[in-house]
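Reader: Hey, I've got a protein open on my screen and no idea where to start. Can you walk me through it?

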Amino acid sequence: MTTVTIYTDGACSGNPGPGGWGAILTSGSLRKEISGGDPATTNNRMELLAAISALKELKGPSDVELFTDSKYVKQGITEWITQWKANGWKRRSGKKLLPVKNEDLWRQLDALANAHRVTFKWVEGHAGHPDNERADELARNAIPRT
């Protein structure tokens, strides 16, 4: 099984507003940078799309360490998603059950993560880690300019 390290980041100019995402995939001596943008989105959607897009690049089942500076992504996929699925993709807000925000992307991320052995790790953003800084730069550069 291939071992892959991924760094992802999302960015938004205004929230909501135009946004971009970036990801860096490394495996041995191979390195690939990818990015994309959306003219009308949110930061959280861009963070999720970075992880989804990176996992879609994998050619077969892989051992993956995926680094994100988004606690929303990390906690969502490692902690909250089990309860969301048990509640029919609803989240608890006080005594109410409300629809999970970004359900379409959470479903995609869940399916992709289950096709591999993914360990999600949080890295502090803007703290000088070279690959996290580069993923941030890719995301910012991918924001559509109007």
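Reader: Let's start small: in which helix is Ala139 found?
Author: Ala139 is found in helix H4. Keep in mind that this is a predicted model.

Reader: OK, is Ala139 buried or exposed?
Author: Buried: Ala139 has a relative accessible area of 0%, and the cut-off for buried is under 20%.

Reader: What's Ala139 in contact with, leaving aside its neighbours within four places in sequence?
Author: With those left out, Ala139 is in contact with Asp9, Gly10, Ala11, Gly20, Trp21 and Gly22. Take Trp21: it sits 118 residues from Ala139 in sequence, yet the C-alpha atoms are 3.9 Å apart in space.

Reader: Cool. And where's Asn132?
Author: Asn132 is in H4 too, a helix that covers residues 130-141. Asn132 counts as buried because its relative accessibility is 2%, and the limit is under 20%. Neighbours within four places aside, Asn132 has contacts that include Tyr7, Thr8, Asp9 and Asp69, and also Val123, Glu124, Gly125 and His126.

Reader: Which strands does H4 lie across?
Author: H4 lies across E1, E2 and E3, and it runs at about 50° to E1.

Reader: And H1, what does that one lie across?
Author: H1 lies across E1, E2, E3, E4 and E7. Its angle to E1 is about 155°.

Reader: So what's the order of the strands in that sheet?
Author: The order is E3-E2-E1-E4-E7, in an open sheet of five strands with mixed pairing. E3 and E7 each have a single partner strand, so they stand at the edges with one side left without a neighbour in the sheet. From one strand to the next, the twist averages 20°.

Reader: Mixed pairing, huh. In what sense do E2 and E3 pair?
Author: Antiparallel, over ten bridges; E2 is residues 17-27 and E3 is residues 30-41. Gly17 stands opposite Thr41 in E3. The two strands form a hairpin with two residues between them, and Gly28 in that turn has a positive phi of about 60°.

Reader: How many bridges join E4 to E7?
Author: Six, and those two strands run parallel. Glu65 stands opposite Thr119 in E7.

Reader: Switching topic: how many residues are in the largest nonpolar core?
Author: There are 30 residues in it, and Ile6, Leu55, Val64, Leu66, Trp106 and Leu109 have the most contacts inside it. Elements that each supply at least two residues of this core include strand E1 and helices H1, H2 and H3. H1 gives the largest share, seven residues.

Reader: Why would nonpolar side chains be buried together?
Author: That's a general tendency of nonpolar side chains in soluble globular proteins.

Reader: What does Val64 touch, say, beyond four places in sequence?
Author: Val64 is in contact with Val4, Ile6, Leu55 and Leu58, among others. His116, Arg117, Val118 and Thr119 are on its list as well.

Reader: Zooming out, how many helices and strands are in the chain?
Author: Four helices and seven strands. Along the sequence they follow the pattern β-β-β-α-β-α-β-β-α-β-α.

Reader: What radius of gyration does the chain have?
Author: It has 15 Å, which agrees with a compact globule of 146 residues, since that would be near 15 Å.

Reader: Last one: what share of the residues count as buried?
Author: Of the 146 residues, 45% count as buried. The accessible surface comes to about 7,600 Å², and 49% of it belongs to carbon and sulfur atoms.

How values were computed:
Residues numbered from 1 in each chain as written. Predicted model: local features only at pLDDT ≥ 70, side-chain atom pairs only at ≥ 80, totals over all residues. Heavy atoms only, no water. Buried < 20%, exposed > 50% of the residue type's maximum accessible area, 1.4 Å probe, protein only. Contact = heavy atoms within 4.5 Å. Pairing = 2+ DSSP bridges. Core = buried A, V, L, I, M, F, W, Y, C linked by side-chain atoms within 4.5 Å. Axes fitted to C-alpha atoms, helices over the stretch in contact; angles between N-to-C directions. Rg over C-alpha atoms; globule rule 2.2 N^0.38 Å. Areas by Shrake-Rupley, 256 points an atom, 1.4 Å probe, with all protein chains shown as cover.
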